[in-house]
Amino acid sequence: MRQTNLALALLTAAVLAACSGGSTGGDQTLKTKFSAQVSFGDSLSDVGTYAVGTVAALHGGKWTINGDNTAVNATLTGKNWTELMAAQLGLPAPCPAMTGLDGAAAQGFSVAAVKHTGCFGYAQGGARVTIPYGPGNKATGSALGALTVPVVTQVQNHLDASGGKFKGDELVLVMAGANDVLSQNGALAAAATKAGTDAGNAKGAQVFIGTFITELTSFLAAGATNPATAAQAIGGAGQGAVGAASVKPGATLDSIAADITAAMIPAAATQPGNAAVASQAIWGPMAVKAGADAKTAATTAGAAEGARAGAAYFATNAPATVDAVGQAAAELVALVKTKIIANGANYVVVNNMPDVATSPSGLGQTADVQKLINAQVVKFNEVLSAGLAGESKVLLVDVFAASHDQATNPGPYGLTNVSTPACDLSPAKNPLGASLACNGSNLIAGDISHYSFADTVHPTPFVYWLLARYVSEKMVVKGWM
């Protein structure tokens, strides 16, 4: 989307506002009279699932700059795009269909999950398309205990609460997939790190033992009448001790070195002209020096092998994550077709995945990871587009194009910063380190009202406003507004 498209979006908003006289009562001018708004998805559409317990005490609850700070700047509404859409359509402010946390009680993150009748904001931070354990869920080790009810269950929860059907005059909003990318990449990174660590440790141990035996042998044989002959015997004794020393319970490099040394000293002392080496005062400093040099060599070799093995694991397994993200998109397509449209929904807006690679989080990754993220997002969006093509009751919105253009061409959108989080994410200012606990009291210094990102992945209210206007533009073109 270029400047002309942005202008069209703003013009659309202005026209709608003019038709309504600036009030929410102007929805009668719209081409379609929507009875309600129902939203499914993740943190980008979450209207307060986790605004309980400590999160509420921190004046947070949504994944942006929380709270009405319009007295400071008109853009700081504290609202996400689904809330702005509802206001524009003259519908009640969305409320979360479920609230609660399943995390650490000691930290105030254990609050019973409660379903709220009449609330249709089903989206939850951390939610994936079909897998129930997304980012922030306690199963991932997070103390927060985000519920991360997947989109497939969100939809079923709505059907259960509404007699198994959509009425047909609701506006249904669907936006998901980013957490499938984050989860796939988190798991891949952890596995690659483990592979690298294991390989590095194995290589390091091998180099340590080899270097230690070689160097200590040289030291111990130097005083013998025939150093070359002595070295063969001393080195052989050391090599012979490796196996037993390595398999001892709780064996460490230091304990292995001690056992090898204990085997080498008698062999060294029995060599002609070398009896003096039996004294610890003689061999002790030699063993210390050999151990220090061996550890240095092991560290260098282990790091190199760990990096190589980790990179190799990443390269080998990265394609599978692209396939997995594509599968998530296929599942979302099936969900839209068989559970939403097939059950009576006539107006379904599906946003594709934004350009995650250009977020502060994405930009902070290595080039290989950025390339992978882009491949995953492209795959997701391609599957989504192909699967929903021809569905007259679906409006597929190309959010990727808009977000990519905002990141690379920010000026026409009124954006002043597209790479720095507006929220101060330091532990002292933000105990959660995320926009979930961001508000007007813990922002970075300066005017952040036209920043793109609240934290490393979530938008500011201004970018949510841009998104709502962009979706509105596409609804006008579709004939729904």
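# Aromatic pairs, disulfides and a parallel sheet

Trainee: What is the relative accessible area of Tyr347?

Mentor: Keep in mind that this is a predicted model. Buried means under 20% relative accessible area, and exposed means over 50%. Tyr347 falls in between, so it counts as partly exposed, with a relative accessible area of 21%.

Trainee: How many aromatic pairs does a search of the whole structure find?

Mentor: Ring centres must lie within 6.5 Å to count as a pair. With that cut-off, the search of the whole structure gives a total of six.

Trainee: What kind of pair do the rings of Tyr347 and Trp480 make?

Mentor: Their centres are 5.2 Å apart. Planes over 60 degrees apart count as edge-to-face. The planes of Tyr347 and Trp480 stand at 85°, so the pair is edge-to-face.

Trainee: How many residues apart in the chain are Tyr347 and Trp480?

Mentor: Tyr347 sits in the loop between α8 (280-341) and β5. Trp480 sits in the segment after α12. The pair therefore links distant parts of the chain, and the separation is 133 residues.

Trainee: Is Trp480 buried or exposed?

Mentor: The limit for buried is under 20% relative accessible area. Trp480 has 6% relative accessibility, so it counts as buried.

Trainee: Which residues form one aromatic cluster?

Mentor: Start from the edge-to-face pair of Tyr347 and Trp480. The cluster also includes Phe34. Its members are Phe34, Tyr347 and Trp480.

Trainee: Which residue of helix α12 pairs with Phe462, three residues away?

Mentor: Phe462 itself is buried, with a relative accessible area of 8%. Its partner is partly exposed at 27% relative accessibility. Being three residues apart in helix α12, the two are separated by about one helical turn. The partner is Trp465.

Trainee: How many disulfides does the count come to?

Mentor: A pair of cysteine sulfur atoms within 2.5 Å qualifies. Cys95 and Cys119 have their sulfur atoms 2.0 Å apart, and Cys423 and Cys438 come in at 2.1 Å. The count comes to two.

Trainee: What is the handedness of the disulfide between Cys95 and Cys119?

Mentor: Look at the torsion about the S-S bond. For Cys95 and Cys119 that torsion is about -105°, so the disulfide is left-handed.

Trainee: How far apart in sequence are the parts tied together by Cys95 and Cys119?

Mentor: Cys95 lies in the loop between α3 (81-88) and β2 (98-102). Cys119 lies in the loop between β3 (110-115) and α4 (151-161). So the pair ties together parts whose separation is 24 residues.

Trainee: What is the torsion about the S-S bond of Cys423 and Cys438?

Mentor: Both cysteines are buried. Their disulfide is left-handed. The torsion is about -95°.

Trainee: Which strands are the edge strands of the open sheet?

Mentor: The sheet has four strands in the order β1-β4-β5-β6, with parallel pairing. An edge strand here pairs on one side only. The edge strands are β1 (36-41) and β6 (394-397).

Trainee: Which residue in β5 stands opposite Met175?

Mentor: Strand β4 (residues 170-175) and strand β5 (residues 348-351) pair in the parallel sense over four bridges. Opposite Met175 stands Asn351.

Trainee: Which helix lies across β5 and β6?

Mentor: The helix covers residues 367-388. It runs at about 155° to β6. The helix is α10.

Conventions:
Residues are numbered from 1 along each chain as its sequence is written. This is a predicted model: local features need pLDDT of at least 70, side-chain atom pairs count only at pLDDT 80 or more; totals for chains, interfaces and linings use all residues. Side-chain values use heavy atoms; hydrogens and water are left out. Two strands pair if DSSP finds at least two bridges between them. Contact means heavy atoms within 4.5 Å. Axes are lines fitted to C-alpha atoms, for helices over the stretch in contact, and angles run from 0 to 180 degrees between N-to-C directions. Buried means under 20% relative accessible area, exposed over 50%, partly exposed in between (1.4 Å probe, protein chains only). Rings of Phe, Tyr and Trp (its six-membered ring) pair if their centres lie within 6.5 Å; planes under 30 degrees apart count as stacked, over 60 as edge-to-face and the rest as tilted.
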